[in-house]
Each structure stands twice: as structure tokens, then as C-alpha cells.
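Here is a walk through one model, from its strands to its empty spaces. Keep the viewer open while you read.

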Amino acid sequence: MHETRDLSALFPQQSPAPLPDTALALLDHERLLDVSGVDATRFLQGQLTCDVAALATGSSTLGARCNPKGRMQSSFRLLKLSDEQYLLAMDAELLEPQQADLAKYAAFFKVKLTDCTDQWVRLGLWGQQTAAALAGAGLGQADNPGTGLAIALNDHTLELWVPADQARATVNALADQAQPVALNAWQLQLIRLGIGQVHSQTRESFIPQMLNLQQLGGVSFRKGCYTGQEIVARMQYLGKLKRRMYRLTWAGDSLPEPATSILDSSTGQVVGEVVTAARGDECIELLAVLQNDAAQLATLSLSDINEPSLELATLPYEEQMAAEAAGE
């Protein structure tokens with residue numbers, strides 16, 4: 001983590017308000033698992049929810065690793081460097097337990113699992129001048145991994161994966177067009193995109209559909225068997241999902257931790273839990289898994305804090321989810 005520590009001095013602890021038109025954040029809250037070997041694709045295809053075999057070199061997908069009961073041990077962004085090398089970025093505290101669990105199965109394949117966090121630096125870039133910033137830094141969306149990769153999350157939001165020895169020069173070049181900001185600003189951007197994440201506090205709490213992962217391309221229902229697949233598929237085709245992830249806003253002061261309970265303050269009943277949260281300019285924004293029949297309540301509160309109430313906000317894919325649900 002030496003290179004990342006050195007780079008952290010270039011990024012503020014708090015972001016300006018309002019945020020700049022184009023922002024750059026250091027994504028040092030996650031660690032990277034390298035999965036390499038001649039069996040890497042076959043091994044991961046049988047372990048992860050996403051379709052690893054369909055992934056093109058230099059591209060990425062969201063995904064999850066489930067236990068046999070379909071509960072997510074981790075969620076991640078998976079990057080394919082070659083047919084024999086993949087990188088998975090996940091919550092830092094989850095890497096060691098996830099690596100240990102996968103190692104039980106890796107013993108039967110020609111594959112090696114390694115924490116390669118020190119070899120890469122990941123950056124979040126978003127805003128109106130992302131194209132100009134990328135051009136200035138010599139990065140493209142399917143560039144040579146030797147110089148770094150730019151992965152589009154949407155039209156104006158990207159993750160940059162840069163070899164550690166080139167990271168400082170890349171940050172300096174990007175900073176001509178993009179203003180460095182605190183990590184919280186990136187986490188806020190992901191919340192607004194409706195991208196949740198499994199943290200150590202919520203390990204094995206959710207099935208993938210509870211985090212809307214199927215809506216984000218992180219679950220394949222055509223690829224065949226993987227650990228937990230039977231439960232995930234049964235929920236998709238035979239069950240009725242009673243809880244899923246929603247976006248909420250809160251005018252309170254303290255940032256709620258993942259797994260913080262959400263209550264119906266009128267009854268005191270727990271109706272959900274926090275997935276992730278970040279500070280916005282005017283309020284705290286969060287993603288939370290809620291009971292569907294409680295999502296519209298005006299009496300949602302955090303744990304034992306009755307006031308102010310949580311307010312429902314929109315997700316960018318909300319209409320698509322509603323249309324798909326209506327067509328079932």
C-alpha cells in the first residue's frame with residue numbers, strides 16, 4: 001500500500017461543496033484479488049454470479065460470490081486482463097476471508113489466488129470533462145493494461161485501474177482537468193447510480209437480487225452452475241422477492257454504518273438495514289435493503305433515532321425494475 005499512501009496526500013480529506021464539475025477520487029478503501037492460471041476462467045465461472053466466460057479482455061463486470069445458501073460473501077468489480085488473469089476489487093476487510101474460502105476450491109484447478117493490492121492504484125473519475133481528462137492522461141477505455149485501463153460505469157463515470165508505478169504521473173495528468181476530492185464523493189456517486197456493496201458488517205446477509213445486482217449485469221441466469229446458483233435462480237423464477245435495495249435520504253448528522261437497522265417508527269419493527277451511506281451537500285444519502293411493503297412509509301427511521309425520518313429517493317433503473325416486475 002506504499003504507493004497508495006504516498007498518493008493519498010494529493011487528495012483532500014473533505015470535498016468542496018458544491019462538488020467540482022469533474023472530480024477524481026482515490027479508491028483506497030478496497031483491495032484486489034488476483035486470480036491467475038490456465039484454469040482461471042473455468043474456476044471463476046463455477047464460483048461467481050457473473051458470466052466470466054463471456055467477458056472480453058480489458059472489460060469488467062459487477063459480480064458476487066455466494067455461499068451455498070445463495071448469500072453474498074462479497075460483491076466486487078471483476079476485471080479481465082487476459083484469459084488467464086482476472087482482478088476482483090472488493091471491500092478491504094472481505095478479501096482475506098473470501099480468498100480463504102475460494103482457496104478450498106482452487107486446490108482442484110490450475111489457478112493461483114494472490115492479494116495484488118500493492119500492484120495497482122484505482123481511481124474514480126466522473127463529471128463533464130472525463131473525456132478530456134482521459135485524453136490528457138493517455139488513457140482509453142480499452143487501452144493497454146500496461147498503461148492503465150478506464151472502465152465506464154456510465155457516460156460520465158469511470159473507474160481507472162493504473163499500475164502502481166505509473167499512478168502518480170497519471171494523477172498529476174488527470175488533475176489538469178479533474179479536481180481531486182475525498183473518497184466520500186465517489187461513494188455518493190455510486191449511491192446515486194444505485195450500486196451497492198457487501199461490507200464486512202453485511203457479509204452473508206443478502207442474496208444478489210436484494211442488492212439489485214441482476215439489474216446491474218452482475219448475475220447471469222444462463223451460464224450454468226455456480227456456488228449458490230440454485231437459490232439465486234429459484235428466487236428469480238419461482239419466488240417473490242420481498243426485500244430489495246432502495247435509495248434514501250436523511251437529514252441527520254451521523255453517517256450510519258452498514259447493517260444499521262431501519263425501523264418503522266410507528267411500530268418499532270425492523271423493516272430493513274443500511275447497505276452503504278455517504279454525505280451529500282445537503283443531506284446524507286444511502287442505499288438500504290427494505291421490505292417492499294415498507295419502502296413507501298413516511299415513518300422510516302434509523303435504529304432508535306426517530307427524527308428526522310428517512311425519505312425515499314429514486315434509483316436510475318427504478319422504472320425498468322417496475323416495468324419488469326409488472327410483466328412477471
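Before we get to the hairpins, one bit of vocabulary: two strands pair if DSSP finds at least two bridges between them. Also keep in mind that this is a predicted model.

**The six-stranded sheet**

Let's start with the sheet that holds those hairpins. It is open and built from six strands, in the order E15-E12-E13-E14-E11-E16, with antiparallel pairing. Strand E15 (300–302) and strand E16 (311–313) are the edge strands, each pairing on one side only. On average, neighbouring strands here are turned by 45° against each other, direction ignored. Helix H6 packs on this sheet, where it touches strand E11 (243–250), strand E13 (269–279) and strand E14 (284–291). The direction of H6 makes about 130° with that of E13.

As a general reminder, strands of a sheet pair through backbone hydrogen bonds, either parallel or antiparallel. Here are some of the pairings in this model, including two that belong to strand E1, which comes up below.

| Strand pair | Bridges | Sense |
|---|---|---|
| E12 and E15 | three | antiparallel |
| E12 and E13 | four | antiparallel |
| E13 and E14 | seven | antiparallel |
| E1 and E7 | five | antiparallel |
| E1 and E10 | two | parallel |

Which strands make hairpins with E13? E12 and E13 form one, with four residues between them, and E13 and E14 form another, with four residues between them as well. In the turn between E12 and E13, Gly268 has a positive phi of about 80°.

If you want to trace the register, Glu273 in E13 is a handy anchor. Ser261 has Glu273 as its bridge partner, and Glu273 in turn is partnered by Val289 in E14. Over on the E15 side, Leu263 is bridged to Ser301. E13 itself is mostly covered, with eight of its eleven residues buried.

**Strand E1**

Now jump to strand E1 (residues 22–26). How many of its residues are buried? Five of its five, so to speak of a mostly covered strand is fair, since buried means under 20% relative accessible area. In a regular strand, side chains alternate between the two faces of the sheet. In E1, Thr22, Leu24 and Leu26 point one way while Ala23 and Ala25 point the other way, and all are buried.

Leu24 is the residue to click on here. Leu24 stands opposite Leu125 in strand E7 and opposite Pro180 in strand E10. E7 covers residues 120–127, and E10 covers residues 179–180.

**Gln45 and Lys223**

Next, a contact between residues far apart in numbering. Gln45 sits in helix H2 (residues 40–45), while Lys223 is in the loop between H6 and helix H7 (229–237). Are these two buried or exposed? Gln45 counts as buried because its relative accessibility is 14%, and Lys223 is buried with a relative accessible area of 14%.

Leaving out sequence neighbours within four places, Gln45 is in contact with Cys50, Asp51, Val52, Ala53, Lys223, Cys225 and Tyr226. With the matching exclusion, Lys223 touches Leu44, Gln45, Leu48, Thr49, Cys50 and Asp51. The C-alpha atoms of Lys223 and Ala54 are separated by 9.1 Å, although these residues are 169 residues apart along the chain.

**Empty space**

Finally, the voids. A search of the whole structure turns up two cavities of 30 Å³ or more. The largest cavity holds about 320 Å³ of space. Its lining has 25 residues, and those nearest the centre are Glu30, Leu190, Ile195, Gly196 and Gln197. Strand E3 (60–66), strand E4 (72–82) and helix H6 (183–193) each supply at least two residues of that lining. By type, the lining divides into 13 nonpolar, eight polar and four charged residues.

There is open space to look at too: the second largest pocket has about 300 Å³. Of its 14 lining residues, Gln187, His199, Glu257, Pro258 and Thr276 are the closest to the centre. The lining of this pocket splits into five nonpolar, six polar and three charged residues.

Notes
Residues numbered from 1 in each chain as written. Predicted model: local features only at pLDDT ≥ 70, side-chain atom pairs only at ≥ 80, totals over all residues. Heavy atoms only, no water. 1 Å grid on protein atoms, 1.4 Å probe; cavity = no way out; pocket = protein on both sides within 12 Å on 5 of 7 lines; lining within 4 Å. Points joined across faces, edges and corners; volume = space filled by probe spheres on them. Nonpolar A, V, L, I, M, F, W, Y, C, P; charged D, E, K, R; others polar. Buried < 20%, exposed > 50% of the residue type's maximum accessible area, 1.4 Å probe, protein only. Contact = heavy atoms within 4.5 Å. Axes fitted to C-alpha atoms, helices over the stretch in contact; angles between N-to-C directions.
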